[in-house]
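Dear colleague,

I am handing over a structure for you to look at. Notes on what was found follow below it.

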Amino acid sequence: MVIRVYIASSSGSTAIKKKQQDVLGFLEANKIGFEEKDIAANEENRKWMRENVPENSRPATGYPLPPQIFNESQYRGDYDAFFEARENNAVYAFLGLTAPPGSKEAEAQAKQQG
């Protein structure tokens, strides 16, 4: 399973750049394997991302903005969903991955099940 993060390498928006760095930095810091897919430099990536973000997750007007997060081809969410999962120590569940033993998320899951 590969986490794919769709980003725009040449975004004029500092907010988008900051969100992208936040997601990528978190994945790197937690040694979660991922692929960066640049929608600014690659038309195929842009088309794929736009076609695969579910209808109910799209903005009312325009296109979904990066970062958009997928596990393989399964849509996991945008930055806001990622941020909420991180605040709730549920990033691995959000990504569709098993939390590593000893992580806050694994401990929280153990408490819920116990």
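Two residues are in contact when they have heavy atoms within 4.5 Å. By that rule, and not counting residues up to four places away in sequence, Phe 82 touches Asp 22, Val 23, Phe 26, Ile 69, Val 91 and Phe 94.

This is a predicted model, in which local features need pLDDT of at least 70 and side-chain atom pairs count only at pLDDT 80 or more, while totals for chains, interfaces and linings use all residues. Residues are numbered from 1 along each chain as its sequence is written, and side-chain values use heavy atoms, with hydrogens and water left out.

Phe 82 also belongs to the largest nonpolar core, which has 18 residues; Phe 82 and Leu 95 touch the most other members. (A nonpolar core is a set of buried Ala, Val, Leu, Ile, Met, Phe, Trp, Tyr and Cys residues joined through side-chain atoms within 4.5 Å; buried means under 20% relative accessible area, exposed over 50%, partly exposed in between, with a 1.4 Å probe and protein chains only.) Another core lies apart from the largest nonpolar core and has 7 residues, among them Tyr 6, Met 49, Val 53 and Tyr 75.

At the start of the chain, Met 1 counts as exposed because its relative accessibility is 69%. Its C-alpha atom is separated by 31 Å from that of Gly 12, 11 residues apart along the chain. Leaving aside neighbours within four places in sequence, Met 1 is in contact with Asn 71, Glu 72 and Gly 96.

Regards
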